[in-house]
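This briefing covers the overall fold, surface and interior of one protein chain. The sequence and structure come first.

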Amino acid sequence: MQNMPKWLNDAIFYQVYPQSFCDSNGDGVGDFNGLISKLDYIKQTGFNALWINPCFVSPFKDAGYDVQDYFKIAPRYGTNEDAYRLFDEAHKRGIHVLLDLVPGHTSDKCRWFKQSAKPERNRYSDRYIWTNSGWARPEGYNWVTGNADRDGTYMLNFFLNQPALNYGFNNITDQSWQISYKDKRVKPTLNAMMRVMRFWLDHGADGFRVDMADSLVKNDPEKTATASLWRKVRKMLNAHYPEAVLVSEWCNAPVAINKAGFHCDFLLHHNDKLTDYAFYRHDETGVSTAYFCKIAHVSAYNMLRRYSEELQSTKNNGYICVISGNHDVIRLSSFLDESERKLAFVFLLTLPGAPFIYYGDEIGMRYIPQRSKEGGFHRTGSRTPMQWNREEPNCGFSTAPASKLYLDVDRDPDSPCVEQQMKDGASLWSLVHSLTVLRHAHADLQADGEFSVVECSDGGVLCYRRGEHTFVLFNPTDTEQVSTVCIGKKLFELGGVAEKNGVTTLAPQTAVIFEK
Ligand code: GLC
C-alpha cells in the first residue's frame with residue numbers, strides 16, 4: 001500500500017476510556033499513570049496499539065468531546081508530561097498510541113469561542129459559524145441565540161455546549177453570512193487543527209482517531225469539500241509524519257479512505273453494516289437475528305455483501321476497522337452470550353483491516369443501565385470502570401470510597417474480571433489472547449491479507465480465505481452442520497470439526513482456522 005505506515009498491517013487496537021481504566025491516585029477517576037501501570041497487561045493480551053478517548057481540558061459536558069484546550073491534558077488525567085511518558089512507555093513495549101481529535105466543534109468554554117462571541121471583530125470572529133442576526137434561525141442545523149453579545153446565532157455540531165467550528169460551506173444558500181470553504185477567512189480553522197495535530201505528534205503521539213470526521217464543511221451532501229480538507233491534512237502527514245495514522249469516525253470507507261485520504265475508517269454499528277448483521281440485528285419482537293446468535297440460523301450473505309464491496313473499493317488505499325463496541329454503543333455482552341461472543345471474536349480478529357477492541361470487551365464486561373454521566377445518557381452503562389480483580393476495593397480500579405468513583409464498578413459477584421480470566425484457559429480473555437498471538441504470527445491474517453468468501457450456506461456455515469493459505473470456517477448455530485470445505489492444518493479450533501468420507505461436519509458453535 002502506498003504511503004501506509006507499515007506498523008498498521010499488524011496492529012490490533014485497544015480502546016481505552018481514560019476515566020474508567022485505572023485510577024493511580026485514589027481520586028476515583030482513571031488517569032495516565034494508571035494507564036501506564038497497565039501497559040504490560042495490554043501488551044500481554046496482544047494489543048499493540050491504543051486509542052485513548054479525549055483527555056484534554058474540558059468542562060466534560062460530553063465526557064471530553066467538548067474540548068476547552070487542545071494543548072493541555074485535563075488535570076484529572078495528569079499532566080502533559082504524564083502523556084509524553086505514556087507515549088514513551090508504550091513505545092518501549094511496541095505499542096502505538098492514537099489520541100482522539102475533535103475537529104468539528106469545541107466546548108463553548110474554549111478561548112476561541114469566547115473571542116468569537118464578542119461583538120467586536122477579532123481574529124476568531126470567523127472561527128465558528130454565526131449568522132448575521134440574533135433573530136436568524138436557519139433550517140437544517142441547530143442554532144443557539146441569546147447566549148452572546150454578538151448579534152448572531154451560532155451553529156451547534158452536537159450538544160448545546162458544542163458550537164460548530166467554521167470550515168465554511170460548500171453549497172451557499174445565503175450569501176450574507178455563509179462563507180465558502182475555499183475562502184481565506186475560514187482557512188485558519190484547518191490550520192489551527194493541524195497545529196494541534198503537529199503538537200501532539202511532535203510529543204510522541206502516533207496519530208488520531210478523528211471524531212465526526214465528516215462534519216467539517218456544511219451543506220456538503222457528497223462530502224467533496226470536507227474530503228478536500230482532509231486530503232490536505234494527509235498531505236501534511238505524508239510529508240512530515242509518514243508513520244502517523246488517522247482513523248475516521250465516518251463509517252463510509254469508500255469516501256473516508258478513497259476520497260478524504262484517511263488511513264482507516266471505522267465500521268460502526270449502523271444499520272445494514274457488517275456489525276449490525278453480525279451482532280445486533282433482531283426482528284420486530286426483539287428476537288435476535290444476528291449472525292452470531294446461535295438460534296438465528298441466518299446466512300452470512302447479507303453481513304458480508306456491502307463489506308466485501310467496500311473492501312474491494314478501498315483495496316490498496318486504506319483499512320476498514322471493525323470494532324467490538326465503543327463508548328457510544330451498548331456493550332456486546334448485552335446482545336450475545338459468552339459462547340456466541342467467542343465466535344464473534346474469532347471473526348473480529350481474523351478480518352482484514354485493523355480490529356479495535358473496546359476496553360473490557362476482552363473479558364465480557366456488562367452494560368449497566370444507570371443515570372447519565374457527563375452527557376453519556378444511555379451510553380453511560382458502557383463506560384463503567386475496568387474490572388481488574390475481586391480482591392481489591394472497587395475491583396482494583398481505584399482505592400477511592402465507592403461514593404467518589406467516576407462511575408460505580410459492576411458489583412455483581414459473578415461479573416468478569418481480568419485476574420480470574422487470565423488464570424482460566426477456557427475464558428474469553430484466553431481465547432482473545434490466543435487469537436492475537438495467532439494473528440501476530442500469521443501475515444495472512446493481518447490487515448493486508450486478501451479476503452474472499454469460499455462458502456456461505458443458507459444454514460449459516462461460512463468459510464473465508466485470508467491471504468494465500470489461511471482459511472476461517474464457522475458454524476455459529478446450535479445444530480451440527482456440514483461444510484463442503486476440506487480442512488487443512490489446523491491452527492485454531494473452537495467447538496469441533498470432523499472429516500469423514502469427504503464430508504466435513506461442524507459441531508454446534510464451531511470456529512476453525514486452518515492452513516492449506
Ligand atoms: C462522537 C463520539 C461521541 C461524542 C460525539 C460528539 O460520535 O464518539 O462520544 O458524543 O462524537 O463529539
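The protein chain holds 12 helices and 20 strands. The model is a predicted one. Its 516 residues are 61% buried, and the notes below go from overall dimensions to surface and then to the nonpolar interior.

**Overall dimensions**
- The radius of gyration of the protein chain is 24 Å, which agrees with the value near 24 Å for a compact globule of 516 residues.
- The C-alpha trace of the protein chain spans about 85 × 50 × 50 Å along its principal axes.

**Contacts along the sequence**
- Counting contacts in the protein chain between residues at least 6 apart in sequence, 66% join residues at least 24 apart.

**Surface and charge**
- About 20200 Å² of the protein chain is exposed, and carbon and sulfur atoms supply 49% of that area.
- Positive side chains number 57 and negative side chains 62 in the protein chain.
- The centres of these two charge sets lie 6 Å apart.

**Nonpolar interior**
- The largest nonpolar core has 154 residues, of which Tyr14, Trp200 and Phe474 touch the most other members.
- Helix α5, residues 187–202, gives the most to this core, with eight residues.
- Another core, of 10 residues, lies apart from the largest one; its members include Leu473, Val485, Leu506 and Phe514.

Methods. Residues are numbered from 1 along each chain as its sequence is written. This is a predicted model: local features need pLDDT of at least 70, side-chain atom pairs count only at pLDDT 80 or more; totals for chains, interfaces and linings use all residues. Side-chain values use heavy atoms; hydrogens and water are left out. Helices (H or I, at least four residues) and strands (E, at least two) are DSSP runs, numbered from the N terminus. The radius of gyration is taken over C-alpha atoms; the globule rule is 2.2 Å times the number of residues to the power 0.38. Buried means under 20% relative accessible area, exposed over 50%, partly exposed in between (1.4 Å probe, protein chains only). Contact means heavy atoms within 4.5 Å. Accessible areas come from the Shrake-Rupley method with a 1.4 Å probe; for residues, only the protein chains shown count as cover. Lys and Arg count as positive and Asp and Glu as negative; His and the chain ends are not counted. The place of a charge is taken as NZ of Lys, CZ of Arg, CG of Asp or CD of Glu. A nonpolar core is a set of buried Ala, Val, Leu, Ile, Met, Phe, Trp, Tyr and Cys residues joined through side-chain atoms within 4.5 Å.
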